[in-house]
Amino acid sequence: MPAFFFSNNINMKVIKLNQLEQFKCVPRQYPNSTDELSVKLKNELTNTVIDLVFTFSVSTSYLTIAITDVPADFESGNRYEITITNITNNNNLVYLGKLLIVDENTDVQNYEYKQQSNSRYEF
C-alpha cells in the first residue's frame, strides 16, 4: 500500500430552494470589485449550460455569488459543475467546483444523494 494517496474530495456548494440562493467559495484569483465575471453551471445529467444572472462580492477570504434570477432548471437533486471566469482579465479561471440543489428543509449535514420525495413512508 502506498504511503500517500490523492483525494478527489470536492467541496460541494449547496443551495436550498426557496431560500437565499447564494454560495461562497475561495477563488484561485480574487477579482476586483469592478471586474466583470461569468458564472456558468453545467447540469451533470442533461449537460445543459446555464449562464447565471448574479451579483458578487469579495470579502477577505471569500467570493460570494448571489443569484438574482433563479434558473427554471433549478430542481431538487440537480447537480452542476460551476465555472467562474473573469471576463475583464482575459477570461482567467477564477473557480471550478460543484453545486447541488436541495429542498428547503433538507438536512445537508446527513444528506444522502437519492431522489427526494414528499411521499409518506409505509412499512
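This briefing covers the overall make-up of the protein, the confidence of the model, and a few individual residues in its loops. The structure is a predicted model, with a mean pLDDT of 83 and with 78% of its residues reaching 70 or more. The protein contains zero helices and eight strands, and among the details set out below are the surroundings of Asp35, which is buried yet has no salt bridge.

**Overall make-up**

- Read from the N terminus on, the elements follow the order β-β-β-β-β-β-β-β, in keeping with a count of eight strands and zero helices.
- Of the contacts in the protein with a separation of 6 or more, 60% are accounted for by residues 24 or more positions apart.
- The protein has 123 residues, of which buried residues make up 31%.
- The exposed area of the protein comes to about 8800 Å², and carbon and sulfur atoms supply 47% of that area.

**Confidence**

- Over residues 1-9 the pLDDT stays under 50, and for this stretch the model has zero contacts beyond four places in sequence.
- Where pLDDT is low, the predicted coordinates should not be read in detail.

**Asp35 and its surroundings**

- Asp35 is placed in the loop that runs between strand E2 (22-25) and strand E3 (37-43).
- Although Asp35 is buried, it takes part in no salt bridge, and the nearest side chain of opposite charge, that of Arg28, is 15 Å away.
- The side chain of Asp35 does, however, make a polar contact of 2.8 Å with the side chain of Asn86, while a polar atom of the Asp35 side chain also lies 3.0 Å from the backbone nitrogen of Asn32.
- When residues up to four places away in sequence are not counted, the residues that Asp35 touches are Phe56, Asn86 and Thr88.

**Asparagines with positive phi**

- Asn47, found in the loop between E3 and strand E4 (49-51), has a phi near 65°, which is a positive value in a residue other than glycine.
- Asn47 counts as partly exposed because its relative accessibility is 49%, whereas a residue would have to be over 50% to count as exposed.
- Asn91 likewise has a positive phi in a residue other than glycine, here near 55°, and Asn91 lies in the loop between strand E7 (79-86) and strand E8 (92-102).

How values were computed
Residues are numbered from 1 along each chain as its sequence is written. This is a predicted model: local features need pLDDT of at least 70, side-chain atom pairs count only at pLDDT 80 or more; totals for chains, interfaces and linings use all residues. Side-chain values use heavy atoms; hydrogens and water are left out. Helices (H or I, at least four residues) and strands (E, at least two) are DSSP runs, numbered from the N terminus. Buried means under 20% relative accessible area, exposed over 50%, partly exposed in between (1.4 Å probe, protein chains only). Lys and Arg count as positive and Asp and Glu as negative; His and the chain ends are not counted. A salt bridge is a side-chain nitrogen of Lys or Arg within 4 Å of a carboxyl oxygen of Asp or Glu. A polar contact is a pair of N or O atoms within 3.5 Å; within protein, one must be able to donate a hydrogen and the other to accept it, and residues adjacent in sequence count only if both atoms are side-chain atoms. Contact means heavy atoms within 4.5 Å. Accessible areas come from the Shrake-Rupley method with a 1.4 Å probe; for residues, only the protein chains shown count as cover. pLDDT is the predictor's confidence in each residue, from 0 to 100.
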